[in-house]
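Subject: Structure handover

Hello,

Here is the structure for you to look through. Please open it next to this email; my notes follow below.

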Amino acid sequence: MMTTTTPPAPAGTESVPGPPVTRAARVRRRLNSPIATGASILIAVLWTVPTFGLFVSSFRPEDEIKTTGWWTAFSNPQFTLQNYQEVLFGRSASSGQLAGYFINSLVITIPSVLFPLAFAALAAYALAWMNFKGRDWIYIAVFALQIVPLQMALVPLLSFFSEGVSLGGIELMPAWNLDDEEKFVQVWFAHTCFALPVAVFLLHNFISQLPKDLMEAARVDGATHPKIFRSIVLPLIVPALAAFGIFQFLWVWNDLLVALIFAGGGSETAPLTVRLAELAGTRANEWQRLTSGAFISIVVPLIVFLSLQRFFVRGLLAGGVKG
Amino acid sequence: MTTVALKDVTKVFPDGTVAVDNVSLDVNDGEFMVLLGPSGCGKSTVLRMVAGLEDPSTGAVLLDGELANDLPPRERGIAMVFQDFALYPHMSVGANIAFPLRLSGVEEGPRGERVADVASALGIGDVLGRKPSQLSGGQRQRVAMGRAIVRRPGLFLMDEPLSNLDSGLRAELRAEISGLVRELGVSTIYVTHDQAEALTMADRVAIMRKGVLQDVGTPTQVYGRPATLYVAAFLGSPRMNLLEATVYVHLDRYVTLNLGEQALYLPWDDIRARAVAHYHGERIVVGMRAEALTPVAPDTPGDVLQGRIRYLEHHGHESLAFLDIGATAIVVDDLGGPVTDERPTGAGRGLRRLGQVMQRLTGRAVGPGQPAPAARGARDSVLNDPGRHHRRPAELAVRLAPYPAVNSGHPMAVSVRMDAVHFFDERGDRIDVGWR
């Protein structure tokens, strides 16, 4: 009896994949084409050109910056570190001394990221997974507070700290009377309050999509709410925490308004943004320092973003967790 | 180890759905009780009320004779296995199994030992370091069981643990779960929609439909003497043949059951004839399973039904022939669902609109509890309306040897074993004498 075997495919013929069938596959193919790649590279380059120009400018001497455009630096290279030195370590009254303000920025930003994260995570968990009366109304109220513009609350907040709260002559809360370094408390307070509605909303979205079975399994296993929050919810919402953390960090680091009003006092509390504004504003003819000052200011957010960015994408796109 | 007693337990959800309607059930020490029913019948809700994850609207849940309505789940001495395993995805398998022990304060040394024991007993001792996402479905289910067993609870609660697995795995795990639970001697409440699982695993089966408990008993009891039409139709494969019959009593001689073109006769000395005789002139449901029917030669005397084969199903180990005998079928609605509430009027409607807006914003149901709907008590007649002009013709399922020498269109005669015939009234209740 003859057994027939299929002849081996002749060498060299590879199966050509057929045309993509689904719409998503078609889009993906178009987006991967050389033309699309070229177009995206072009757009990226165009977008980066101003920043690159600033970077080049920050290394040019003062006269060059003020007289010629940055692109001429390639034909006539004259580079110096004078700008950076002046801005960071200069001792004169008008020079940057950015080192101190850099520290101030860090001191303002890091707690302003950690406090809202902590409060919002706890609040979001309670609103999502604990049953109590009025829970939904509280959530709607917090959610609606996003509408309140920052500017509306500035004066009340300021008077709360400097004059205290009194109703009809009776003093409900005395003035805080914060001195120089203690003014940081005001800034932290302000940033935390303004960040909380968005934070609670974002984290609530994420936490409420965790599978209900996980919580129930933990409850049956013997966990109380704090234990569930610590052992199960927190590890699972790290992407959302990182995503919000990046947002909040960038927002607070670059914020000028709140810093000016609550911490604009002096060099003990003022952050980088205030100082940079002063540098450009007091005497507009010294703006070569802005170039280097700006780049120093960029370094930290860049580090934060690059180190947390994989969480960022996951946190935005991932709707929930598959058990 | 733990006994469970449910007394008149009812659960009405805030949007008015009656999930569980006056259920009373007992689970004895060490018993394997299966809650069986279609999707939406309330069996999972009953399980969750025993677990403490839901509170009953009325009624009492008693564990070991003590009222447990207000006890949180962790104080009830229970362990639960979920349908989608509910394993903690960020923890390793070993940490998953050890989690309940960690919560109850067991030290690390004895903890590790117990975890290792349980894992090796379940055959997952070598994957303790992996994360759940790296395991197959069967392994995940074993981890879930391990997490439940390691606590040494008094009561196991299992919510359709095998429905997410493929059928080959299901059969294997079925035997494993059954053996494991009996070996441990722990009372178990097992929820499923698969009647084969129920009949093979259970000490007792409780069938539910639309929140109402239909029947409770050993598999033999509920299969052999179903209490309601629904139970009769739900259990058994192929489904019990259910025919509409009109009763005519010939006093002291026999009772005729007129199936349409043919008739069956109950002799008067059959004790059930007296019970059926009450329905003289009315229509009842006559049920017979495929195993009560035997193919015979066409001119055999006795209780024989003549028919023509509509179609054949070949199952490999047997073939099923579906006969047209000129009778009308009773259709049993298999898809039980919770009873919906009625729309409120006027101000209630405005509040309802607000509730819907809030529901969309917060993503969960909100609003005042709706009153229980009126349709709870009434049950519709299972019989067809006399005026309907398209009544479904009955197809009588008969078991034959594999690949028989007959085909569609062939005539066939079957003899009926009258003692294996069931009778149900138009409400669906069993017509019988002196049964449980």
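Two residues are in contact if their C-beta atoms, placed from the backbone, lie within 7 Å. In chain B, among contacts with a separation of 6 or more, 72% are between residues 24 or more positions apart. Please keep in mind that this is a predicted model.

Chain B in outline

Chain B contains ten helices and 20 strands. Of its 436 residues, 38% are buried. The domain assignment splits chain B into domain 1, residues 4-226, and domain 2, residues 241-331 + 392-424. Between the C-alpha centres of domain 1 and domain 2 of chain B there are 40 Å.

UniProt has an unreviewed entry that annotates residues 4-235 of chain B as "domain: ABC transporter". Helix makes up 37% of that span and strand 25%. The C-alpha atoms at the two ends of residues 4-235 are 25 Å apart.

Strand E9 and its partners

How many of the six residues of strand E9 of chain B are buried? The count is five, so by the cut-off of 20 or more other C-beta atoms within 10 Å, strand E9 (residues 204-209) is mostly covered. Strand E9(B) is paired with strand E3 (residues 32-36) of chain B, in the parallel sense, through four bridges. There, Leu35(B) has Ala206(B) in E9(B) as its bridge partner.

E9(B) also pairs with strand E10 (residues 212-217) of chain B, here in the antiparallel sense and over five bridges. Ile207(B) has Asp215(B) in E10(B) as its bridge partner. E9(B) and E10(B) make a hairpin with two residues between them. Lys210(B), in the turn, has a positive phi of about 50°.

The E12-E13 hairpin

A further hairpin is formed by E12(B) and E13(B), with four residues between the strands. Gly260(B) sits in this turn and has a positive phi of about 125°. Strand E12 (residues 254-258) of chain B runs antiparallel to E13(B), and five bridges join them. One facing pair is Val255(B) and Leu266(B), the latter in E13(B).

Which side chains of strand E13 (residues 263-267) of chain B point to the buried face? They are Leu264(B) and Leu266(B). Ala263(B), Tyr265(B) and Pro267(B) point to the other face and are not buried, as the side chains alternate along the strand.

The five-stranded sheet

Chain B also has an open sheet of five strands, in the order E15-E19-E16-E17-E18, with antiparallel pairing. Its edge strands are E15 (293-296) and E18 (393-400) of chain B, each of which pairs on one side only. On average, neighbouring strands of this sheet are turned by 45° against each other, with direction ignored. Within the sheet, strand E16 (residues 304-314) and strand E19 (residues 411-416) of chain B run antiparallel and are joined by five bridges. Arg308(B) is found opposite Pro411(B) of E19(B).

Where chain A touches chain B

Contacts between the chains involve 20 residues of chain A and 24 residues of chain B. On the chain A side, the elements giving two or more residues are helix H6 (135-144), helix H9 (212-221) and helix H10 (225-236). H9(A) supplies the largest share, seven residues. Sorted by class, this side of chain A has eleven nonpolar, three polar and six charged residues.

Regards

Definitions and conventions
Residues are numbered from 1 along each chain as its sequence is written. Chains are lettered from A and ligands numbered from 1 in the order in which they are written. This is a predicted model: local features need pLDDT of at least 70, side-chain atom pairs count only at pLDDT 80 or more; totals for chains, interfaces and linings use all residues. Two strands pair if DSSP finds at least two bridges between them. Axes are lines fitted to C-alpha atoms, for helices over the stretch in contact, and angles run from 0 to 180 degrees between N-to-C directions. UniProt positions are given in the numbering used here, feature names are shortened, and annotations may be inferred rather than shown by experiment. A residue is buried if 20 or more other C-beta atoms lie within 10 Å of its own, exposed if 12 or fewer, and partly exposed in between; C-beta atoms are placed from the backbone. Ala, Val, Leu, Ile, Met, Phe, Trp, Tyr, Cys and Pro count as nonpolar, Asp, Glu, Lys and Arg as charged, and the others, Gly among them, as polar. Domain bounds come from an automatic or database domain assignment.
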